[in-house]
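Biologist: Could you take me on a close look at a single part of this protein, the stretch that the UniProt record marks as a domain? I would love to hear how its helices meet and what lines the pocket.

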Amino acid sequence: MSLTSAATLATLDRTGPRRITDLAVVEGVTQPAMTALVRVMEEAGLVERQGDASDKRVTLVCLTEAGSSYVRTRRQAGVHAFERLIGELTGDEVEALVAALPALKHLAELESQEREGPKQ
């Protein structure tokens, strides 16, 4: 799976259903590229298109259960990888990481806000 596909699934998991145009902006790709990507992910059973109840002209891209499961599995694999690597650090290095956590959390929040763009 491409990084853009994985990032798009993660965005849908964090923010809920989105328009293709919205996803294209968030992921930094063209609308035609996102349309093609959504089609591939739809064929793989990871996303589905649904109508927007508030605007019948709009189609939203939504995660399927398989898509949600993929995101959860990928996140868990990342957690396990970090646990293993942190276990190889010295006590001083672990303390330095713990001290840096508030700044890292803030960076993640800023990046998330930037990637998500305007809310619907």
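Modeller: Happy to; here is a walk through that domain, helix by helix, ending at the pocket. Please keep in mind that this is a predicted model. The UniProt record, an unreviewed entry, lists residues 1–106 as "domain: HTH marR-type". In the model, that span is 68% helix and 14% strand, and its end C-alpha atoms lie 28 Å apart.

Let's start with helix α1, residues 3–15, and its partner α4, residues 65–86. Their axes are 10 Å apart and meet at an angle of about 105°. An angle of 65 to 115 degrees counts as roughly perpendicular, so α1 and α4 are roughly perpendicular to each other. On the α1 side, the contact is made by Leu3, Ala6, Leu9, Ala10, Asp13 and Arg14, while α4 brings Tyr70, Val71, Arg74 and Arg75. Sorted by class, that contact of α1 with α4 holds 6 nonpolar and 4 charged residues, with no polar ones.

Next come α2, residues 20–27, and α3, residues 31–43, which pack at an angle of about 110° with axes 9 Å apart. These two helices, α2 and α3, are therefore roughly perpendicular to each other. Ile20, Thr21, Leu23, Ala24 and Glu27 of α2 touch Gln31, Met34, Thr35 and Val38 of α3. The class split for the contact of α2 with α3 is 5 nonpolar, 3 polar and 1 charged.

Now for the pocket you asked about. The largest pocket has a volume of about 170 Å³. Its lining consists of Phe82, Ile86, Val94, Leu97, Val98, Leu101 and Leu104. Helices α4 and α5 each supply at least two residues of that lining, with α5 running over 91–116. The most comes from α5, which gives 5 residues to the lining of the largest pocket. By class, the lining has 7 nonpolar residues and neither polar nor charged ones. Helix α4 thus turns up twice in this tour: Tyr70, Val71, Arg74 and Arg75 of α4 take part in the contact with α1, and α4 also contributes to the lining of the largest pocket.

Conventions: Residues are numbered from 1 along each chain as its sequence is written. This is a predicted model: local features need pLDDT of at least 70, side-chain atom pairs count only at pLDDT 80 or more; totals for chains, interfaces and linings use all residues. Side-chain values use heavy atoms; hydrogens and water are left out. Axes are lines fitted to C-alpha atoms, for helices over the stretch in contact, and angles run from 0 to 180 degrees between N-to-C directions. Helices (H or I, at least four residues) and strands (E, at least two) are DSSP runs, numbered from the N terminus. Angles under 35 degrees count as roughly parallel, over 145 as roughly antiparallel, 65 to 115 as roughly perpendicular and the rest as oblique. Contact means heavy atoms within 4.5 Å. Ala, Val, Leu, Ile, Met, Phe, Trp, Tyr, Cys and Pro count as nonpolar, Asp, Glu, Lys and Arg as charged, and the others, Gly among them, as polar. On a 1 Å grid over the protein atoms alone, a cavity is a set of points where a 1.4 Å probe fits but cannot get out, and a pocket is an open set with protein on both sides within 12 Å along at least five of seven lines; lining residues have an atom within 4 Å of a point. Grid points are joined across faces, edges and corners, and a volume is the space filled by probe spheres set on the points. UniProt positions are given in the numbering used here, feature names are shortened, and annotations may be inferred rather than shown by experiment.
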